[in-house]
Amino acid sequence: QVQLVESGGALVQPGGSLRLSCAASGSILSIGTMAWYRQAPGMQRELVAGITKSGTTNYSDSVKGRFTISREDAKNTVALQMNSLKPEDTAVYYCNAAVMLKLFVTNNYWGQGTQVTVSS
């Protein structure tokens, strides 16, 4: 079994910064693409940022230049550094990972989510 556990969500003022972390644990052979999604109340879940195993990154237009995704494969972790936060960044943030359990067996996993609230 594989678990993804996020941490770092909080209440922060506009213009502030937060760092989200996600750690994967369990029977993991390797991890492919890792990503952060978010879901605001009444909205669909959307991709915020993704990073491949080789380090290629992708960001949504709304966070480009403000957020940075990174990963540390030795620890099976992915992080999201969020700067210049805006009220519209308020959402539950979810970690996602494509985890290879054994050769030719890859499953997609989600974390439980961490709340980020940007408000004065």
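Start with the whole protein chain in view: for its 120 residues, a compact globule would have a radius of gyration near 14 Å, and this chain agrees, at 14 Å. Keep in mind as you look around that this is a predicted model. Along its principal axes, the C-alpha trace spans about 50 × 25 × 25 Å.

Now switch to a cartoon view. You will find 11 strands and zero helices. Of the 120 residues, 37% count as buried. Among contacts with a separation of 6 or more, 55% join residues 24 or more positions apart.

Next, show the surface. The accessible area of the chain comes to about 6400 Å², with 51% of that belonging to carbon and sulfur atoms. Colour by charge and you can pick out 10 positive and 7 negative side chains, the centres of the two sets lying 5 Å apart.

Time to zoom in. Select residues 91–102, which form strand β9, and add β10: the two pair in the antiparallel sense over six bridges. To see one of the partnerships, click V99 and look across to N107 in β10. Then move to the hairpin of β9 and β10, where two residues lie between the strands and F104 takes a positive phi near 70°.

Our last stop is Y109, in strand β10, which covers residues 105–110. Is Y109 buried or exposed? Y109 counts as buried because its relative accessible area is 13%, below the 20% cut-off. Display its surroundings and you will see contacts that include Q1, V2 and L4, as well as C95, N96 and A97. Finish by drawing a C-alpha to C-alpha distance from Y109 to L4: they are 105 residues apart in sequence, yet 7.2 Å apart in space.

Key: Residues are numbered from 1 along each chain as its sequence is written. This is a predicted model: local features need pLDDT of at least 70, side-chain atom pairs count only at pLDDT 80 or more; totals for chains, interfaces and linings use all residues. Side-chain values use heavy atoms; hydrogens and water are left out. Helices (H or I, at least four residues) and strands (E, at least two) are DSSP runs, numbered from the N terminus. Buried means under 20% relative accessible area, exposed over 50%, partly exposed in between (1.4 Å probe, protein chains only). Contact means heavy atoms within 4.5 Å. Two strands pair if DSSP finds at least two bridges between them. The radius of gyration is taken over C-alpha atoms; the globule rule is 2.2 Å times the number of residues to the power 0.38. Accessible areas come from the Shrake-Rupley method with a 1.4 Å probe; for residues, only the protein chains shown count as cover. Lys and Arg count as positive and Asp and Glu as negative; His and the chain ends are not counted. The place of a charge is taken as NZ of Lys, CZ of Arg, CG of Asp or CD of Glu. Lists of a residue's contacts leave out its neighbours within four places in sequence.
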